[in-house]
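Biologist: Could you take me through one part of this model up close? I'd like a connected walk through it rather than a list.

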Amino acid sequence: MERLLRRGFMERGFLLLVVLMFLEGTVFPLGAASSPDISAPDGAGGHERNDDHRGIDNYTFPKKAFPVLSLDYGHIQMPFEISLWVLLASLMKLGFHLIPRLSGIVPESCLLIVVGLLVGGLIKLAGEEVPPVLDSKLFFLCLLPPIILDAGYFLPIRPFMENIGTILMFAVIGTLWNAFFVGGLLFAVCQIEGTHLSQVELLPCLLFGSIISAVDPVAVLAVFEEIHINELLHILVFGESLLNDAVTVVLYHLFEEYSGAGEVTLMDAFLGVICFLIVSLGGVAVGAIYGILAAFTSRFTSHTRVIEPLFVFVYSYMAYLSAEMFHLSGIMALIACGAVTRPYVEANISHKSHTTIKYFLKMWSSVSETLIFIFLGVATVAGPHAWNWTFVSVTVILCLVSRVIGVVGLTFIINKFRIVKLTTKDQFIVAYGGLRGAIAFSLGYLLDKDHFPMRTMFLTAIITEIFFTVFVQGMTIKPLVDLLAVKKKQEAKRSINEEIHTQFLDHLLTGIEDICGHYGHHHWKDKLNRFNKKYIKKCLIAGERYKEPQLIAFYHKMEFKQAIELVESGGGVKMPAAMPLQVSMQNIQPKKQPPMAADRALPQFTKNREEEIRKILRSNLQKTRQRLRSYNRHTLVADPYEDGWSEYMLKKQRMIELEKKMTQMSNYLTVPAAPSDSPTMRRARLASDPNAFYTIKAPPGNVPTIQVELASPQSPDSVNLVDEFSKKGGSSQKNTDDRKEEQGRMMKPPSNKNPGLLRCLSDPGPSNEDEEDEPFLP
Amino acid sequence: MGSTNSTLSKIPNVEELMRETGFSPAHIVRLYDRFESLDKEKTGHLRPEDFGAINRLAMNPIGDRIIGAFFSSGQDTVDFHSFVRILAHFRPAENNRPRDPSLPEPVNSRISKLKFAFQLYDLDKDGKISRAELLQVLRSMMEMQVTEEQLESIADRTIQEADLDRDDAISFEEFRKVPLGDTLTLTQQRVASK
């Protein structure tokens, strides 16, 4: 065992060594470049300089021997460097997960910034000029869009929409409050004698305030990933970070415009408000238009499946660029595009394209995020810095204070309108999780040197604030969350009764809650859904697939997964009709523990049996919708809030119960009976007596009296049933008949175990006949 | 609040309802809106199929029992008053007020909620949860991997643990004794609070 550990350690050490050497090796070429900026022609200048030294001088000495092997770095310099940076980022990401303890304590973003600092330091030590890697153009056009698109495409729509009011409050009013509070107080501090800052005027201060007050989506995502908070908080903070972009853009442009003029009038403020509306709504509109275009295009791609993902990416990117062109909010456009595209595109494209889109988005956003943090570190080293103790420290303190006050105040107001209130712990997380990131830095970088002589001081303060939030807040948020977490009761000591009854009550309360429904959202959401189904889906989804196609493909996928899981767990119990209950006995053997003395005076049950029962209970009781399930952006699980999922669960339930019945049926000697009425007669009889399933009391007279037609398991009807079941999504009516008869034969007290089957009559799902003709998605 | 008042006036005997159940006018209005949206054919009564149309309720393993509880007295329709009366069980309890022991048990106290839950277990209404009834509940709550034999042993174990008077069934008194902690109080806020 120790040997294994040692070997693993050595491997890791070796890999780290390789990475470090690689790092060293890459520093020199990177330093030799002047800028990786795409549009800069300086690279060509550097290239020429190198050329002279490299001796590609065929032209001056035509009689020289033909160069068999030559080095021409300048030729491939730009793409080479870009690839090197990307490779560096990916290797770093790999490296961190090999060091187990470190990744637990320090969030990844911090480590990446440190790496960036190292690389920048190395470049500087080598005497070369550090490339301005966090150039705003590169950042806003290349690094930011993948992350935002990934976030928008996989945005959980339902929680987002349910909390949209809260999110908007935080994003708009919270950011405004932060900007003015920080900017105003900073100006006041600057006016104090002795700080040597009196040349900083009001408007630049407000501009600074607006830059630094915006919560950054990249940093939030990176840190929240690791602390596994519940979905509600995640969507609140994350949604806020996305939507505050519009506010930031407007404020930024407003103050930047008028800093030269020196004052902002009321008219300007009014125009600013109008601008805000245009920026945000315009951005969303642009995104939605492109999204619909993408959906429409995907309707026709059935013959060229290979380029389907490309459409999604290109349309989204163009939405971003178009919005940026008009100075609208590009982030909101991207989010809108992703969110609008997804439901329609997913119905049209093939399964493989769907996977491709998922993986590409995750990959790009991951690399982008890593690169951003590394570049932050490099840019810090690059400088130039103008450190001013007062300014910087006041900034940091004020940001924290204003955030806390803002969150507390807003929550107080918001809680009056919310059904699920935000507790103090929630508020703390929202306030403490308001991290600043690279967007603030890039915005600061964009400032014009001439208009803003204090630009360097601003940049220094911004970087300090970013470092503070990412390092201090990022590192401490996890322990603080754990500290504040409510301790759960020890599960092991709960009695079986408690477990069962608690679960029962949980189901009961969830059911009541569902009956009461969610107020307020009900009507217009319904109307929207109906509109969606009737008109939009018809336009944007190809062919007849708009009925409920992805459900079937989805069901198949789940079936495969389940089948594989069953095989892997070695407990393939549910083989209907052929395998009797002996197979199920095998399941019990592996769970038995070595016999221990029973310590309770219960005659029949030994302790190991009790343990086994507890284990079964714990793992098998159906969990109700867990509101506190942790949310992780990097896992590619199916969205459980999709409508298809609930339909799937319903059908799975029916299938489970049918299979249970089938195994029981197999125990009985079956008398081959004459084949009964046609299925249509049975269906008719069933349809005419729906109430039979809903009588709870079920006096004996109501026992379904269709005992005459006994279909044995070996009869062609039931065999078809089983086959159909494994192939299709569940043939509802035939099951019901078999079950009813089976009940009568076994003469058990009639239990309405499965009126779920009957619900399909009221459920507007696809009927049997349609299912057979439905084409499976390739 | 104008719309509240106008909706309230549509409901007959609304003051008596409010007094009996303790819901505020705003709550009653919300429940009425919900009732109306469930009652697709506008008959003024709800039938089992209307409840069945609630998707999430269909997914609930004991959803059918909950629906059944609304129709407990053998009728096949439920009107708004009965609807509200049953939902009143789940209004958050005011635990801190000292209760006058001479008044009848408030409809949303902890005991009433437990009684309601007990009734969902005890389908034949004999005042006890028999082994067969428990088995049914377990079957519907458990997922696929549990065999019949395991279910039966769980049921046996459960009854053994809780059954104090050895009659092989769980009566309401025995049910009350199970320490169920905060389950009942935690989630109620979602149901009936603003």
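Modeller: Sure. One term before we start: "contact" here means heavy atoms within 4.5 Å. Keep in mind, too, that this is a predicted model.

Let's begin at F83(B), which sits in helix α7 of chain B, residues 80–87. With a relative accessibility of 0%, F83(B) counts as buried, since the cut-off for that is under 20%. Setting aside its neighbours within four places in sequence, F83(B) touches L31(B), F35(B), L38(B), L46(B), F51(B), F70(B) and V78(B), plus I515(A) from the other chain. Take F35(B) as one of those partners: 48 residues separate F83(B) and F35(B) in sequence, yet their C-alpha atoms are 8.1 Å apart.

As for the chain around F83(B), chain B has 13 helices and two strands. Of its 194 residues, 54% count as buried. If you look at chain B contacts between residues at least 6 apart in sequence, 54% of them join residues at least 24 apart.

Now follow I515(A) across to chain A. I515(A) belongs to helix α20 of chain A, which runs over residues 496–516. Its 21 residues should span 30 Å at 1.5 Å a residue, and the end C-alpha atoms are indeed 30 Å apart, so the two agree. Helix α20(A) is mostly covered, with 20 of its 21 residues buried.

What does α20(A) meet in chain B? The axes of α20(A) and helix α3 of chain B, residues 25–38, come within 9 Å and cross at roughly 80°. The two helices are therefore roughly perpendicular to each other. On the α20(A) side the contact is made by D514(A), I515(A) and C516(A), and on the α3(B) side by L31(B), R34(B) and L38(B). Sorted by class, that is four nonpolar residues, no polar ones and two charged ones. So I515(A), L31(B) and L38(B) take part in this helix contact, and I515(A), L31(B) and L38(B) also touch F83(B).

For another helix pair, look within chain A. Helix α9(A), residues 202–212, packs on helix α19(A), residues 455–484, at an angle of about 25°, with the axes 11 Å apart. That makes α9(A) roughly parallel to α19(A). Their crossing is right-handed. Here P204(A), F208(A), I211(A) and I212(A) of α9(A) meet F458(A), A461(A), I462(A) and E465(A) of α19(A). By class, this contact has seven nonpolar residues, no polar ones and one charged one.

Terms used:
Residues are numbered from 1 along each chain as its sequence is written. Chains are lettered from A and ligands numbered from 1 in the order in which they are written. This is a predicted model: local features need pLDDT of at least 70, side-chain atom pairs count only at pLDDT 80 or more; totals for chains, interfaces and linings use all residues. Side-chain values use heavy atoms; hydrogens and water are left out. Helices (H or I, at least four residues) and strands (E, at least two) are DSSP runs, numbered from the N terminus. The expected span of a helix is 1.5 Å times one less than its number of residues. Buried means under 20% relative accessible area, exposed over 50%, partly exposed in between (1.4 Å probe, protein chains only). Axes are lines fitted to C-alpha atoms, for helices over the stretch in contact, and angles run from 0 to 180 degrees between N-to-C directions. Angles under 35 degrees count as roughly parallel, over 145 as roughly antiparallel, 65 to 115 as roughly perpendicular and the rest as oblique. A crossing is left-handed if the near helix is turned anticlockwise from the far one by less than a right angle, and right-handed if clockwise. Ala, Val, Leu, Ile, Met, Phe, Trp, Tyr, Cys and Pro count as nonpolar, Asp, Glu, Lys and Arg as charged, and the others, Gly among them, as polar.
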